[in-house]
Amino acid sequence: MAIGDGAELFLTGTVGVRSDDNIFLSSNKESDVIFDINPGVEVTFGKNAQVNGALTLVDAFANYSSNSSINTNLFSGDFNSAFDDGKLKLDFATGFHELNQNTVDVRPTGPVGGLIRRDAFSAHGSAEAEVSQVTAVAVGLDYVHTNYKRAGYGDSDDYTMPINFYYKWTPKVDLSAGYRYRDFQTAVGSDSTDHFFNVGARGEFTPKLTGKFAVGYLERRLQKGASENTIGLDASLTAALTPKTSLQLGAANAPDTSPQGLQQKNFSLNGVLTTNISDQWSVNGGLSYRAIDYQATATAAGRTDDYVEGSLGATYTVNAYARVVGAYTYRHNSSDISSSEFTNNVFSVAASFRY
């Protein structure tokens, strides 16, 4: 529905069911069937204009068949806007998400289960300006505040400030030199600052390979402890295998801090293959691997985890307003500590609407 000059209002919604054999991602499995109902609304503006954006609001209801005590009603809201006049690019985004789903990082260990309830607020801003016909400079600021509702998990404030210089090496490829500063403040564990000095490239490397990458020297300085050095890596590439099939690849290497205050060393690889069988059918498969090295503390032993996640999915587009998605997700975490290990299988089917 048109609500103004260049603005439209859409009603959105998802209705789905999930069969989950390990709802807490725990070494002691507990299964359930979950029914999801997610009504929402979306407002877009600036179609085909220099300034454009969207506001998305969703209210998500999750109803557990056997564990009704953890039924949830969670709100999420996102706003993003962009400006591009060919010489200056501006991006802004902010969001608020109520979360109650465990991950490999956010979950109880040991015999006590449960879901970790938390709220996450994020804000992003970036600007890129053309300095000359072959050079450009980009600066940004990202902020994430996470508020945990369960004891033992530390609220955190995460600030990231990158600056990059680009040189047009070819008409389709830019070389880059950059620095990224990160300030992580947590209520549990040690605050830290990261310094990432990097070089890389972005653009269309071949007619069928596009993306960007940055690699360089990364130093983490702990407020309570010594500094550590490593090779930092951040890469994302897309390969067009055929006119209807694409492969997305990613890799990263960086330290982090867990919600329970443990220092981590993370190395990850991921890939997603998507193919459009017809105008109505598309299928996808994904596989990711993450090596997590938890550093020892005075009260906790160190450990090494290997986390693998795989997925298979199919999407049927009914028409311009509706589609049906079926998916299977497999998760497995192996660890030096048996209580930190888990395996998870999730089968789901959902119908989504945007009108």
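**Salt bridges, a pocket and ring pairs**

Let me begin with arginine 331, which has a relative accessible area of 21% and is therefore partly exposed, given that buried would require under 20%. I should say at once that what we are looking at is a predicted model, and I would ask you to keep that in mind throughout. The partner of arginine 331 is glutamate 309, and the two side chains meet in a salt bridge with a nitrogen-to-oxygen distance of 3.5 Å. This pair links distant parts of the chain, since arginine 331 sits in strand 18, residues 322-335, and glutamate 309 sits in strand 17, residues 303-317, with the two positions 22 residues apart in sequence. Glutamate 309, with a relative accessible area of 25%, is also partly exposed.

As a general reminder, side chains of opposite charge can pair when their charged atoms come close. How many salt bridges does the count come to? The count comes to 20, and I will take two further examples.

One of them joins aspartate 158 and arginine 182, whose side chains meet with a nitrogen-to-oxygen distance of 2.8 Å. Aspartate 158 belongs to strand 9, residues 156-170, and arginine 182 to strand 10, residues 173-186, so this salt bridge ties together parts of the chain that lie 24 residues apart in sequence. Are these two residues buried or exposed? Both aspartate 158 and arginine 182 are buried. They also do not stand alone, for Asp158, Arg182, Asp194, Arg220 and Asp256 are linked in a network of salt bridges.

The other example brings together aspartate 174 and lysine 168, at a nitrogen-to-oxygen distance of 3.5 Å. Here the two partners fall in separate accessibility classes: aspartate 174 has a relative accessible area of 12% and is buried, whereas lysine 168, with 32%, is partly exposed.

Let me turn to empty space, which, in general terms, is revealed by rolling a probe the size of a water molecule over the atoms. The largest pocket holds about 930 Å³ of space. Which residues lie nearest its centre? Of the 37 residues in the lining, those nearest the centre are Asp158, Arg182, Phe184, Asp256 and Thr257, and you will recognise Asp158, Arg182 and Asp256 from the salt-bridge network. By class, the lining is made up of 15 nonpolar, 12 polar and 10 charged residues. Several strands supply at least two lining residues each, among them strand 7 (118-130), strand 8 (135-148), strand 11 (192-206) and strand 15 (263-276). The most comes from strand 14, which gives six residues to this lining.

Strand 13 is also among the strands that supply at least two residues of the lining, and threonine 238 is found in that strand, which spans residues 227-242. With a relative accessibility of 29%, threonine 238 counts as partly exposed. Setting aside residues up to four places away in sequence, threonine 238 touches Lys208, Leu209, Thr210, Leu247 and Gln248. Its C-alpha atom is separated by 9.8 Å from that of leucine 273, which is 35 residues apart from threonine 238 along the chain.

Next, the aromatic rings. A search of the whole structure finds 11 aromatic pairs. One of these is formed by tyrosine 143 and tyrosine 159, a tilted pair with 4.8 Å from centre to centre and 35° between the planes. This pair, too, links distant parts of the chain, with tyrosine 143 in strand 8 and tyrosine 159 in strand 9, 16 residues apart. Tyrosine 159 counts as partly exposed, at 29% relative accessibility. Phenylalanine 205 and phenylalanine 213 have ring centres 6.2 Å apart and planes at 40°, so this pair is likewise tilted. Phenylalanine 205 is partly exposed at 29% relative accessibility, and phenylalanine 213 is partly exposed at 34%. Elsewhere, ring pairs link Phe45, Phe79 and Phe92 into a cluster.

I will finish with a loop residue, asparagine 100, which lies between strand 6, residues 88-99, and strand 7. Is asparagine 100 buried or exposed? At 11% relative accessibility, asparagine 100 counts as buried. Leaving aside neighbours within four places in sequence, asparagine 100 is in contact with Ile70, Thr72 and Leu74, and also with Leu115, Ile116 and Arg117.

Terms used: Residues are numbered from 1 along each chain as its sequence is written. This is a predicted model: local features need pLDDT of at least 70, side-chain atom pairs count only at pLDDT 80 or more; totals for chains, interfaces and linings use all residues. Side-chain values use heavy atoms; hydrogens and water are left out. Helices (H or I, at least four residues) and strands (E, at least two) are DSSP runs, numbered from the N terminus. Buried means under 20% relative accessible area, exposed over 50%, partly exposed in between (1.4 Å probe, protein chains only). Contact means heavy atoms within 4.5 Å. A salt bridge is a side-chain nitrogen of Lys or Arg within 4 Å of a carboxyl oxygen of Asp or Glu. On a 1 Å grid over the protein atoms alone, a cavity is a set of points where a 1.4 Å probe fits but cannot get out, and a pocket is an open set with protein on both sides within 12 Å along at least five of seven lines; lining residues have an atom within 4 Å of a point. Grid points are joined across faces, edges and corners, and a volume is the space filled by probe spheres set on the points. Ala, Val, Leu, Ile, Met, Phe, Trp, Tyr, Cys and Pro count as nonpolar, Asp, Glu, Lys and Arg as charged, and the others, Gly among them, as polar. Rings of Phe, Tyr and Trp (its six-membered ring) pair if their centres lie within 6.5 Å; planes under 30 degrees apart count as stacked, over 60 as edge-to-face and the rest as tilted.
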